[in-house]
Amino acid sequence: MRAAQVSKLEGPEAIEVVEIPEPVSYPGGVVIDVHAAGVAFPDVLMTRGQYQMKPDVPFVVGGEVAGVVRSAPEDAHVRPGDRVIALTMLGNAVAEVAVTTPQMVFKLPDNISLEAGAGIVFNDLTVHFCLRNRGRLAEGETVLVHGAAGGVGTSTLRMARALGAGRVIAVVSTEEKAEVARANGATDVVLTEGWLAAVKELTEGRGVDIVLDPVGGDRFTDSIRSLAPAGRLLVVGFTAGEIPTVKVNRLLLRNVEVVGAAWGEWVLTHPGYLQEQWAEVEPLLASGKIAPPRPEIYPLEQTAAAVSSLDNRTAKGKVVVAVR
């Protein structure tokens, strides 16, 4: 089969499309003919050996797929021929065939294409975990998201109001990305330059209830300043590269929280949680209350460019590789 493989830890540019043997299934495994695969920022780090989990080289990039079931255990909830989306977790996604466990496989609603479906699981379930579990989003609250034109950002814009937010503010770096944010459901958009003052003005000085931050870096302290009383800053990642620190007196004096939100770690330590999430998210997707992703789609031969777009921050929305 064809697959996008990393054999040298030299960054996204070193990804090569090669012919490798199909993965061998195992007892209880679901075999999927992959039509599209999603990539995310951890893939960038993995191509340099900088992620906390380091697969042996060579490895296939990507952690989520959309495709058609080739085979499944008799007691599984999916059957051959079903359109599905699935997690392969770290690696083994951008390839013509993938194998994963039934617990990581979900039927794709009929109203969503396979290409869009490849952008759902990793980002949407991360955002669902952030807002529901860690952010404790209450009806009518205001959510602000940094990096709003990226994968996690656009998922937040698409999902937040369906999960109860009354207002969703997008922070972006350019006017072009502002259009991406509006297209994905932002109620308000502000540019990175001067964003804190703009948000204070939008909220008449009150601030926001939740900040979802996959960026980190030098805007972290201002994110704390942007919070309303009892506000929550959700730490999702550090695409800016710098891991910020916080002076806890700011939390004390303002009655606010900084909350870690590591979805993957939660999934690994809470069996059945993925199914609980999908039971809530799937009907919202099927009904159209949550719009499907609008991914940027690259052909398999351009997987290196797809992952590089996450590294150089030119990506607009979720990045998906069309495998077939």
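User: By class, how many nonpolar, polar and charged residues does the lining of the largest cavity have?

Analyst: The model is a predicted one. By class, the lining of its largest cavity has 7 nonpolar, 2 polar and 2 charged residues. The residues that line this cavity are G38, V39, A40, P42, D43, M46, G63, E64, M89, L90 and F122. Glycine counts as polar under the rule used, and Asp and Glu count as charged.

User: How many cavities does the structure hold, counting those of 30 Å³ or more?

Analyst: The structure holds 1 cavity of 30 Å³ or more. The volume of the largest cavity is about 80 Å³.

User: Which elements give two or more residues to the lining of the largest cavity?

Analyst: These elements are β3, residues 30-39, and α1, residues 41-46. The largest share of the lining, 3 residues, comes from α1.

User: What makes β2 and β4 edge strands?

Analyst: Three strands form an open sheet, in the order β2-β1-β4, with antiparallel pairing. Strands β2 (16-19) and β4 (59-60) each pair on one side only, and they are the edge strands.

User: Why do β1 and β4 count as paired?

Analyst: Two strands pair if there are at least two bridges between them. Strand β1, residues 2-6, and β4 are joined over 2 bridges in the antiparallel sense, so the condition of at least two is met. Within this part of the sheet, Q5 stands opposite V60 in β4.

User: How do you know that helix α11 is mostly covered?

Analyst: Helix α11 spans residues 303-311, and 7 of its 9 residues are buried. The buried residues are T303, A304, A306, V307, S308, S309 and L310. Among the elements that cover them are β1, β3, α1, β15 (296-299) and β16 (319-322).

User: Which residue follows α11, and what is the sign of its phi?

Analyst: R313 follows α11, and its phi is positive, near 65 degrees. N312 is placed in the loop between α11 and β16.

User: Why is N312 called partly exposed?

Analyst: Its relative accessibility is 47%. Buried requires a value under 20% and exposed a value over 50%; 47% lies in between, so N312 counts as partly exposed. The C-alpha atoms of N312 and V44 are separated by 10.0 Å, although the two residues are 268 residues apart along the chain.

User: What makes the pair of F129 and W266 tilted?

Analyst: By the rule applied, the count comes to 4 aromatic pairs. The ring centres of F129 and W266 are 5.5 Å apart and their planes stand at 45 degrees. Centres must lie within 6.5 Å, and planes under 30 degrees apart would be stacked, while those over 60 would be edge-to-face. An angle of 45 degrees meets neither condition, so the pair is tilted. F129 lies in helix α3 (residues 121-134) and W266 in helix α9 (residues 263-269), so the pair ties together parts that are 137 residues apart in sequence.

User: Why is the pair of F129 and Y273 called edge-to-face?

Analyst: The planes of F129 and Y273 are 80 degrees apart, and their centres are 6.1 Å from each other. Edge-to-face needs an angle over 60 degrees and centres within 6.5 Å, so this pair qualifies. Y273 lies in helix α10 (residues 273-287) and F129 in helix α3, so the pair ties together parts that are 144 residues apart in sequence. Together, F129, W266 and Y273 form one aromatic cluster.

User: Which of these words applies to F129, buried or exposed?

Analyst: F129 counts as buried, because its relative accessibility is 1% and the limit is under 20%. Y273 is also buried, with a relative accessible area of 7%. W266 has a relative accessible area of 28% and is therefore partly exposed.

User: How do you know that T142 is buried?

Analyst: The relative accessibility of T142 is 10%, which is under the 20% limit, so T142 counts as buried. This residue lies in strand β9 (residues 142-145). Leaving aside residues up to four places away in sequence, T142 touches R167, I169, V208, D209 and I210.

User: Why is E282 called partly exposed?

Analyst: E282, found in helix α10, has a relative accessible area of 24%. That value lies between the limits of 20% and 50%, so the residue is partly exposed. The C-alpha atoms of E282 and L234, residues that are 48 apart along the chain, are separated by 24 Å.

Technical notes. Residues are numbered from 1 along each chain as its sequence is written. This is a predicted model: local features need pLDDT of at least 70, side-chain atom pairs count only at pLDDT 80 or more; totals for chains, interfaces and linings use all residues. Side-chain values use heavy atoms; hydrogens and water are left out. On a 1 Å grid over the protein atoms alone, a cavity is a set of points where a 1.4 Å probe fits but cannot get out, and a pocket is an open set with protein on both sides within 12 Å along at least five of seven lines; lining residues have an atom within 4 Å of a point. Grid points are joined across faces, edges and corners, and a volume is the space filled by probe spheres set on the points. Helices (H or I, at least four residues) and strands (E, at least two) are DSSP runs, numbered from the N terminus. Buried means under 20% relative accessible area, exposed over 50%, partly exposed in between (1.4 Å probe, protein chains only). Contact means heavy atoms within 4.5 Å. Rings of Phe, Tyr and Trp (its six-membered ring) pair if their centres lie within 6.5 Å; planes under 30 degrees apart count as stacked, over 60 as edge-to-face and the rest as tilted.
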